[in-house]
Structure formats: structure tokens, C-alpha cells
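Please open the structure in your viewer and keep the sequence panel visible. The tour proceeds by selections, each followed by a short account of what is found there.

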Amino acid sequence: MSASVREINSASSEYGRLLDVATKLDQAKYLTRDYPMANSQCILGAYFQETLVGLLLLLRQDIGADRGLPPILRAGRVLEEAFVEAFGVLPECRRRGFGHELQTAAMTICTGWDCYQIRSRSPVLSTENYQLKIKMGYSICPSEENDSYYFTELV
Ligand SMILES: CC(C)(COP(=O)(O)OP(=O)(O)OC[C@H]1O[C@@H](n2cnc3c(N)ncnc32)[C@H](O)[C@@H]1OP(=O)(O)O)[C@@H](O)C(=O)NCCC(=O)NCCS
């Protein structure tokens, strides 16, 4: 298998293809939304032989900022996290390792951002994602929103 994960710039010509894939995954709304709480963000694309087959949107934010909570400091520095806001692989390309590769690349970016943790939330019907997160060693915490769980891993 010839797979790769690359960052996609929202100003690049590739962005149109990304939106097509996001629409097929019913996740385009996450890519077009503004994230005022985010300190920065990054979009990753998974490719199979130069064809875009999956995506992941990562937000860099102060821990607690999305809930209006005061920052947590360590050695005088605000602790940040990377939050996975969108994540999916086209149905016909699933179970070939692309999701795992996207998550691994996200973790590398999270390390580069010097974040404390990586976190995501997904509804209880996302059984494939739950299995992936368990395989990758994430902790699981119930969310009070829309029948969902949070998944967190320290960087
Ligand atoms: C979650 C998702 C991104 C996984 O993508 P993927 O490319 O199929 O994942 P991978 O092939 O890398 O799978 C990695 C591991 O996850 C687990 N897994 C993934 N799909 C699974 C399934 N259908 N059943 C059981 N385990 C599964 C397995 O442990 C798998 O490892 P293995 O194949 O060696 O057993 C994909 O299923 C998807 O897009 N789902 C719909 C959108 C979604 O749920 N997004 C996240 C929440 S919003």
C-alpha cells in the first residue's frame, strides 16, 4: 500500500478536493466553521496513490478554553491541547490503516506544538472510531453532550 499523510493549506488548490471528501463524510461543516478559541489549526489529508481518501482537523487550544474555564499553568506556562474536531476516511477505503496514520500524524503535530494532551469527542454510534481509539490506548471519559464520549491521550 502506498499511503501518506500531508498537511493541507486552506489557501491551496487541494482545498476543494478536501471539501469534497469532507462532504461525503458529512463533516464539511467542521472545516468551514470559525474557531475563535483556537490558537492555531491544522488540516491533514490521507492519500492513497495521490488520491485524497481521509482527513483530520486539529485545533490547538488552551485546555478548558472551549468551556470558559480558567487556564491551567505549569511552570508559568498555559497548558495547551490538540483537539480533533473532524476525522474520517471514505467508506470504500476503510480498514486499510489510513485512520491510524492520520491519528499518528496528528500526535506528531501535537508534540511539535508542545501540547499536554490530544483529545476528541464522538457519539456513541461511532463504533469504528471507538475501536481505533481503544487500540491506540486513549483514555475514555463520558461527555454530557449528545450521547458521546471524550478520548484523551497524553503527548
Ligand atoms: C473511524 C475511521 C476514521 C477509522 O478509519 P480507518 O481508516 O478505517 O481505520 P484503520 O484502518 O486505521 O483502523 C485502525 C484500527 O481501528 C479499529 N477499527 C477500525 N474500524 C473498525 C471496525 N469497523 N470494526 C472494528 N475495529 C475497527 C481496528 O482496531 C483497526 O486496526 P486493525 O484493522 O489492525 O484491526 C472510519 O471508520 C470513519 O471514517 N468512520 C466514520 C467517521 C467517524 O466515525 N469519525 C470519527 C468520529 S466523528
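Which atom of Arg95 lies 2.7 Å from an oxygen atom of the ligand? Select Arg95 and the ligand together: the atom is a backbone N or O atom. Such a polar contact is a pair of N or O atoms within 3.5 Å; within protein, one must be able to donate a hydrogen and the other to accept it, and residues adjacent in sequence count only if both atoms are side-chain atoms.

Before continuing, note that this is a predicted model, in which local features need pLDDT of at least 70 and side-chain atom pairs count only at pLDDT 80 or more, while totals for chains, interfaces and linings use all residues. Residues are numbered from 1 along each chain as its sequence is written, and side-chain values use heavy atoms, with hydrogens and water left out.

**The ligand site**

Add Arg94 to the selection; one of its polar side-chain atoms is 3.3 Å from a ligand oxygen atom. At Gly97, a polar backbone atom lies 2.9 Å from an oxygen atom of the ligand. The ligand taken alone exposes 910 Å², of which the protein buries 74% (accessible areas by the Shrake-Rupley method with a 1.4 Å probe; for residues, only the protein chains shown count as cover). Now show the 18 residues that surround the ligand, each with a heavy atom within 4 Å of it. The closest are Phe87, Arg95, Gly99, His100 and Lys135.

**The whole chain**

Switch to a cartoon view, which shows 4 helices and 9 strands. These are DSSP runs numbered from the N terminus: helices (H or I) have at least four residues and strands (E) at least two.

**The sheet**

Select the open sheet of 7 strands, whose order is S1-S2-S3-S6-S7-S9-S8, with mixed pairing; two strands pair if DSSP finds at least two bridges between them. At its edges are S1 (3-7) and S8 (139-142), each pairing on one side only.

Next, colour S8 and S9 (residues 148-154), which run antiparallel and are joined by 4 bridges. Ile140 stands opposite Phe151, and Ser139 has Thr152 as its bridge partner. These two strands form a hairpin with 5 residues between them. In the turn, select Asn146, which has a positive phi of about 45°.
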